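I opened a fresh page for this one and kept the notes short. Here is what I looked up, in the order I went through it.

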Amino acid sequence: MTEPLILWFRRDLRLTDLPLWQAALATGRPLIPVFILDDQTEAPGAAARMRLGMALDAFGATLAARGSRLILRRGRAADVLAALIAETGAAGVMWTRAYDPAAKARDTAVKAALRERGLLAESHPGFLLHEPWRVETGQGGPYRVFTPFWRAVRVLEVGAALPPPARLNPPDHWPASDLLADWRLDAAMRRGAAVVAPWQRPGEAAALARLEEFAETRLAAYAAERDFPGLPATSGLSEHLTYGEISPRLIWHRGRRAMEEGNPGAETFLKELVWREFAWALLHHFPDLDRRNWRRDWDAFPWRPDNPEAELWRRGMTGEPLVDAAMREMYVTGRMHNRARMIAASYLTKHLLTDWRVGLAWFADCLTDWDPAANAMGWQWVAGSGPDAAPYFRIFNPAGQAEKFDATQAYRRAWVAELSRHPPATATSYFAAVPRRWALDPARPYPLPVIGLAEGRERALAALAQGKA
DNA sequence: TTTTGAGTTGTTCGA
DNA sequence: GTCGAACAACTCAAA
């Protein structure tokens, strides 16, 4: 009888275009899919934990529908894998590569330990279009500016997407599995699944349908409309990419096809996908991207630590409608429109002079599409300490941005109840979602701005000028 | 080695 | 209202 092989799933919860499946099936061994909840290495925020639970539920169902299962275990990955190997007599473990520093360290140790015992230990690509160490400048070394990175990546070959495996080679005997419900992955989020869950569309089938629907109906207008947070113009694929419910390669090829067909939104869309690549390449090469100023000369900048105004920012009560709309959208839906992210982040770091790490932490706790690389790069980009040659005096004016990108007030009205006599359900749902101790009441008048826009801008410019000197 | 061109997403002011 | 210039000087990547 052939020993089985353990497939260790992490952020690759899919069947379509996952090289891991083909590599594993090629061994001819029975395959035992496993997910390990490893609190030591991975500590996603409350919303991401809840969304992970939904992803695992969907993936488990997908496997079950094809005669396989997703075995759930909890603990230190190395220990759990060792236990599983002992229980099943498995010949080894295969997985899809991860690129954040903690996962890399863990996986390297696991691989070494398995091989030392003469067991099979193999990692495969699948989370990114290109391995971060493969994209280098002419002199060697990582790109630090997006546009050259884009120019390099756009001409790189991307292999054809792989079909979902026809069979999943289940074993005759299954090891025991935890019950997903017992993990209570939504417990950390006090507002509960009832608020945020309806906004999620977990699972591979949903992801594939979304890509196709987006490509057919909204991609053409993407370049023109993506900056308007009140329009349904974006792809919504981020939550799927985060958990690997869709392959970036599949998205790439779909975008390329649209480009060849002359679709006017395709190139802008592909660029966004490559921004994700860029973020992961940066995190790979600069593992402290989420903790330290990427430009070290920003270490002297007098960021304010967490403060009462930052708390108002978190609560969507700054009195700046576009910023508050953004923060409330995130609290209720687990996501925030891309432009709104920039504006909300600029407000915290510039107008409120608050350390970007304060904002990064809150986003990490609230986003169901939380991506450690994109979040870290984005916050540093906005703060000015990150990879961008932008002028330091770029300070988003939330009122000007509202005029430009939300002229109809569609976005602000959707999320700020105090702005309408008969607010929509989205806006009132926020007040039902927030903790009671925040003591928010939609009947109370909308708060006055915590800081005047001109005053905030002047203060930020002064601090930035001083910080540079 | 040196040089050169360019850099996601902005704002304000004055013509 | 629209448009161009100023906001500084630096780093990056390639020639």
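**Entry 1, a strand pair.** I started at W8 and found that it stands opposite W95 in β4. The model is predicted, so I read every position here as a computed one. The two strands, β1 and β4, run parallel and are joined by four bridges. I then looked along β4 towards β5: these two also run parallel, with five bridges between them. In that pairing V93 stands opposite A121 in β5.

**Entry 2, the faces of β4.** Which way do the residues of β4 point? I noted G92, M94 and T96 on one side, and V93 and W95 pointing the other way. This fits the general rule that side chains alternate between the two faces of the sheet in a regular strand. I also checked burial: five of the five residues of β4 are buried, so I put the strand down as mostly covered.

**Entry 3, helix α1.** Next I took α1, residues 19-26, and asked which of its residues are buried. The list is L20, W21 and A24. They cover an arc of only 100° around the axis, and therefore sit on the same side of α1. I reminded myself that an α-helix has 3.6 residues a turn, so residues three or four places apart point the same way. What do these buried residues pack against? I found four strands: β1 (5-9), β2 (31-37), β4 (92-96) and β5 (120-124). Just after α1, I marked G28, which takes a positive phi of about 75°.

**Entry 4, the nonpolar core.** I looked up the largest nonpolar core and got 122 residues. Those with the most contacts inside it are I6, L7, W8, V34, A326 and A344. W8, where I began, is thus on that list. I followed A344 a little further: leaving aside its neighbours within four places in sequence, A344 is in contact with V323, A326 and M327. In general, nonpolar side chains tend to be buried together in soluble globular proteins.

**Entry 5, domains.** Last, I pulled the domain assignment of chain A, which gives domain 1 (5-126), domain 2 (128-161 + 202-287) and domain 3 (296-468). I noted that the C-alpha centres of domain 1 and domain 3 lie 37 Å apart. How many residues of domain 1 are in contact with domain 3? I got seven, which meet eight residues of domain 3. On the domain 1 side, the residues that touch domain 3 divide into four nonpolar, one polar and two charged.

Note on methods. Residues numbered from 1 in each chain as written. Chains lettered and ligands numbered in written order. Predicted model: local features only at pLDDT ≥ 70, side-chain atom pairs only at ≥ 80, totals over all residues. Core = buried A, V, L, I, M, F, W, Y, C linked by C-beta atoms within 7 Å. Buried ≥ 20, exposed ≤ 12 C-beta atoms within 10 Å, placed from the backbone. Contact = placed C-beta atoms within 7 Å. Arc of directions from axis to C-beta. Domains from an automatic or database assignment. Nonpolar A, V, L, I, M, F, W, Y, C, P; charged D, E, K, R; others polar. Pairing = 2+ DSSP bridges.
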